[in-house]
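Colleague: Could you walk me through this one? I'd like to start with a single residue and then talk about charged pairs.

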Amino acid sequence: MPVESGSSAGAAARQAKQKRKSHSLSIRRTNSTEQERSGLQRDMLEGQSSDHLESLSRTEQDSKLPPSLRTNLLDLFTQIEREFENLYVENLELRREMETLNERLSADGQTAEGADLAKGALKTKASHSTSQLSQKLKTTYKASTSKIVSSFKATTSRAVCQLVREYVGHRDGIWDLSVSRTQPVVLGTASADHSAMLWSIETGRCLLRYAGHQGSVNSIKFHPTEQMALTASGDQTAHIWRYMVQLPTSPPAADVTQTPCEDDADSSDKDEADGEAEGPSECPSLRVASTTLRSHQGVVIAADWLVGGKQAVTASWDRAANLYDVETSELVHSLTGHDQELTHCCTHPTQRLVVTSSRDTTFRLWDFRDPSIHSVNVFQGHTDTVTSAVFTAGDNVVSGSDDRTVKVWDLKNMRSPIATIRTDSAVNRVSVSVTQRIIALPHDNRQVRLFDMGGVRLARLPQSNRTGHRRMVCCSAWCEEDTACCNLFTCGFDRQAIGWSINAAALLQEK
């Protein structure tokens, strides 16, 4: 009996050993089979990819896209295909690991309760792996899609937004700029170098330099019907001066037109010598104002003409806005009520309305249409300094703020804005195109963005280390003259003004 018992135990041991050996062989065969399958599928994918590329190359001649854009799109789609191929291969490997784990669990002969626990753990691991795979797919898709969208935006920008001319000559940052409303049409700039300059839009040449202020020139506005300019200064005064200029007939020797670029990367600073070039030697100077407006006790930060040009309004850091008679230079009204320094003032193009903005986060609407009643309305739609508030040709007011928002208001119901634009940087002096109703937003981060009156973004002006502004963009101004080579101007603290050609019809059509 002991001998028979020992022989039966040995036989059982040999059977178990053979079973484990056969199981390990089956696992090896399974692994090799899966590897062959994975390699075959990878070869099929590569073959499909090569066939796809060959088919794309065969249709290159039939495509109407530019060669550079077609090549760019082909590269992007190839990258996307490779990413999905890698993810597919990883998915196959995960499936193989899951099958191997299942076989090991069944081979170990666990009890039903243990098998349930193992299945629970396996499900947890599989769920975690699936979530990781899903997240990776989403990340890859978003990154690839953003590249494609960026390439289309770059192409769109080249078509509708083009840098045309640079106006260089100031020795310090440019705070403000404006376009004259009478012939000849000229560009005016106001600079911290204590001067204002008039420029030929077509040639970029300086026509006149006004040097009558003793402080920074913070604002410039042209008379609606005469060749007069109104400038506001840090010397606590506003000057009205007449100009007579003759536009040059010969074009400039070199054109500064550059290839636009939609590059968001931080541009390196160019040589400071670029901004220290002195104004042209042939540019005449004017030092005497025809009228000086006094009465402020602080910096005069902005000034504008009322409709008709017989009165002017100024805004100051003394928290007041003053209304003057241009002919007598006498103070007509002092508009008080703001709690902090004023930052800007603007007049309506056709009505006796004035809007003033302030660091107290509000802007105020002053109504002088009725000579006997001067009403005022206060609007509290922002949470930081209101840098500017401007009228449109219709019944709207557009306000910009350091809180990184721009709001569009209806004069008939100004309880709440009809549109709000949220940006990633503080907004400076905005402007609105009279004919196209497009808002240009100059930013502290050197960007200039275009929006419609409904708050829909239309475009961003090209900006890189070779194109656009290299410092904060302070102001924007539109030119409504159809024959001008530029219809939008911007200025900044890089000591230059830039003229842009904006295809507004194409922008609005793409919207």
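Modeller: One term comes up straight away: contact means heavy atoms within 4.5 Å. Please also keep in mind that this is a predicted model.

Colleague: Okay, so which residues is T343 in contact with, leaving aside its neighbours within four places in sequence?

Modeller: With those neighbours left aside, T343 is in contact with I301, S357, S358, R359, T385, V386, T387 and R429. T343 itself has its place in strand β15, which covers residues 342–347, and its side chain reaches the backbone oxygen of V386 at 2.5 Å.

Colleague: And is T343 buried or exposed?

Modeller: T343 has a relative accessible area of 15%, and because buried means under 20%, T343 counts as buried.

Colleague: Switching topic, how many salt bridges are there?

Modeller: The count comes to seven salt bridges. One of them joins D176 and K221, with the closest N and O atoms 3.6 Å apart. This pair links distant parts of the chain, since D176 is in strand β2 (residues 174–179) and K221 is in strand β6 (residues 217–222), 45 residues apart. Both D176 and K221 are buried.

Colleague: What about K412 and D395, where do they lie?

Modeller: The side chains of K412 and D395 meet in a salt bridge at 3.9 Å, N to O. K412 lies in the loop between β21 and β22, and D395 in the loop between β19 and β20, so the pair ties together parts that are 17 residues apart in sequence. K412 counts as exposed, at 70% relative accessibility, whereas D395 is partly exposed at 32%.

Colleague: Which residues do salt bridges that share partners join into one network?

Modeller: Those salt bridges join D176, K221 and R429.

Definitions and conventions. Residues numbered from 1 in each chain as written. Predicted model: local features only at pLDDT ≥ 70, side-chain atom pairs only at ≥ 80, totals over all residues. Heavy atoms only, no water. Helix = DSSP H or I, 4+ residues; strand = E, 2+ residues; numbered from the N terminus. Buried < 20%, exposed > 50% of the residue type's maximum accessible area, 1.4 Å probe, protein only. Polar contact = N/O pair within 3.5 Å; in protein donor to acceptor, adjacent residues only side chain to side chain. Salt bridge = Lys/Arg side-chain N within 4 Å of Asp/Glu carboxyl O.
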